[in-house]
Amino acid sequence: MDRETTKPKVGQILLTESAISACIASLAEQIKAAYDSSDKVIVLVLLDGAKRFADELFGCIDLAKFELRYLRAKSYNGAESCGQIEINGRIGDVSDAEVLIVDDIYDRGRTLSGVLQIVKQGHPQSIRTCVLLEKQTTRTELVSIDFVAAQVPDCFVVGYGLDYDGQYRELPFIASVDIVSV
Ligand code: IMP
Ligand code: MG
């Protein structure tokens, strides 16, 4: 569809605010258990989409051993994967730590795969991945995801930090997007 004559509209609500909170609380328990015997965990939060998720997730966890760092990784232009990853931000020295990469959604897999490749070069003690949403879709890059809050069907979704061209990020729930003609 021609983007000049279409606009995105919020469609069906897939996860309510309370459903998301319950999933995140359960994820926080899994993460605490997984890192129970760890000394230092560097959490790489992929902006902007995972910011709200990470805020709520790490609001449920004692931060003594967790250090949050923020990176910007982008693989999308609107709802279209442009096939390229841009990563900005300082990962820093991770060689004495375990690393947990936190993203908003595992879709085609390019973003997490790209970030993983770079993080591996820093030789951390371990690398795990955590996403708010796993989309039921075909992957371009298969990535092993260690922690997932919830599954969503193969459609473009917005809300709870996820946007469509900068729109709908602030919605407190997750909804599908309908592209309508105008
Ligand atoms: P992947 O590289 O295809 O796995 O896409 C992951 C990135 O694309 C995520 O970090 C999101 O920023 C963005 N993305 C993928 N699917 C969606 C979606 O349905 N809504 C909003 N952003 C998405
Ligand atoms: Mg992203």
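Here is a friendly walk, in questions and answers, through a predicted model of a protein with a ligand.

User: How many residues surround ligand 1, and which are the closest?
Analyst: Happy to start there. The closest residues to ligand 1 are Asp 103, Arg 108, Gly 109, Thr 111 and Val 157. They belong to a surrounding group that numbers 16 residues.

User: How many nonpolar, polar and charged residues does the shell around ligand 1 have?
Analyst: Sorting the shell around ligand 1 by class gives three groups. The charged group has 7 residues and the nonpolar group has 6. What remains is the polar group, with 3.

User: Which element gives the most to the shell around ligand 1?
Analyst: Strand S3 (66-77), strand S5 (98-106) and helix H3 (110-120) each supply at least two residues of that shell. With 3 residues, the element that gives the most is S5.

User: Which side chain has an N or O atom 3.0 Å from an oxygen atom of ligand 1?
Analyst: Let's go through the polar atoms around the ligand. A polar backbone atom of Asp 107 lies 3.0 Å from an oxygen atom of ligand 1, and a backbone N or O atom of Arg 110 is 3.2 Å from an oxygen atom of ligand 1. Both of those use the backbone. The side chain asked for belongs to Lys 135.

User: What percentage of the accessible area of ligand 1 does the protein cover?
Analyst: An oxygen atom of ligand 1 lies 3.0 Å from a side-chain N or O atom of Lys 135. On its own, ligand 1 has 480 Å² of accessible area. The part of this area that the protein covers is 93%.

User: Where on helix H2 are Phe 53, Ala 54, Leu 57 and Phe 58: on the same side or on opposite sides?
Analyst: Helix H2 runs over residues 51-59, and these four residues in it are buried. They cover an arc of only 110° around the axis, so they are on the same side of H2.

User: Which element gives the most to the largest nonpolar core?
Analyst: The largest nonpolar core has 31 residues, and those with the most contacts inside it are Ile 31, Leu 57, Leu 100, Leu 132, Leu 133 and Ile 174. Two or more residues each come from helix H1 (17-34), strand S2 (41-47), H2, S5, strand S6 (126-135) and strand S7 (147-152). With 5 residues, the element that gives the most to this core is H1.

User: How many residues does the other core have?
Analyst: This other core lies apart from the largest one. Among its residues are Val 94, Val 99, Ile 101 and Leu 112. Its size is 18 residues.

User: Is Glu 134 buried or exposed, and which side chain does its own side chain make a polar contact with?
Analyst: Glu 134 lies in strand S6. Its relative accessibility is 17%, and buried means under 20%, so Glu 134 counts as buried. Its side chain makes a polar contact, at 2.9 Å, with the side chain of Gln 151.

User: Where does the chain have a cis peptide bond?
Analyst: Look at the loop between S2 and H2, where Asp 48 has its place. Omega is near -5° for the cis peptide bond that runs from Leu 47 to Asp 48.

User: Is His 123 buried or exposed?
Analyst: His 123 sits in the loop between H3 and S6. Its phi is near 50°, a positive value in a residue other than glycine. With a relative accessible area of 61%, and exposed meaning over 50%, His 123 is exposed.

User: What is the relative accessible area of Asp 165?
Analyst: Asp 165 belongs to the loop between strand S8 (157-158) and strand S9 (174-181). Although Asp 165 is not a glycine, its phi is positive, about 50°. Asp 165 is partly exposed, and its relative accessible area is 40%.

User: What distance separates the C-alpha atoms of Ile 61 and Ala 28?
Analyst: Ile 61 lies in the loop between H2 and S3, and it is buried, with a relative accessible area of 6%. Along the chain, Ile 61 and Ala 28 are 33 residues apart. In space, their C-alpha atoms are separated by 6.5 Å.

User: How far apart in space are Phe 66 and Gly 11?
Analyst: Phe 66 has its place in strand S3 and counts as buried at 9% relative accessibility. In sequence, Phe 66 and Gly 11 are 55 residues apart. From C-alpha to C-alpha, the distance is 36 Å.

Note on methods
Residues numbered from 1 in each chain as written. Chains lettered and ligands numbered in written order. Predicted model: local features only at pLDDT ≥ 70, side-chain atom pairs only at ≥ 80, totals over all residues. Heavy atoms only, no water. Near = heavy atom within 4 Å. Polar contact = N/O pair within 3.5 Å; in protein donor to acceptor, adjacent residues only side chain to side chain. Areas by Shrake-Rupley, 256 points an atom, 1.4 Å probe, with all protein chains shown as cover. Nonpolar A, V, L, I, M, F, W, Y, C, P; charged D, E, K, R; others polar. Buried < 20%, exposed > 50% of the residue type's maximum accessible area, 1.4 Å probe, protein only. Arc of directions from axis to C-beta. Core = buried A, V, L, I, M, F, W, Y, C linked by side-chain atoms within 4.5 Å.
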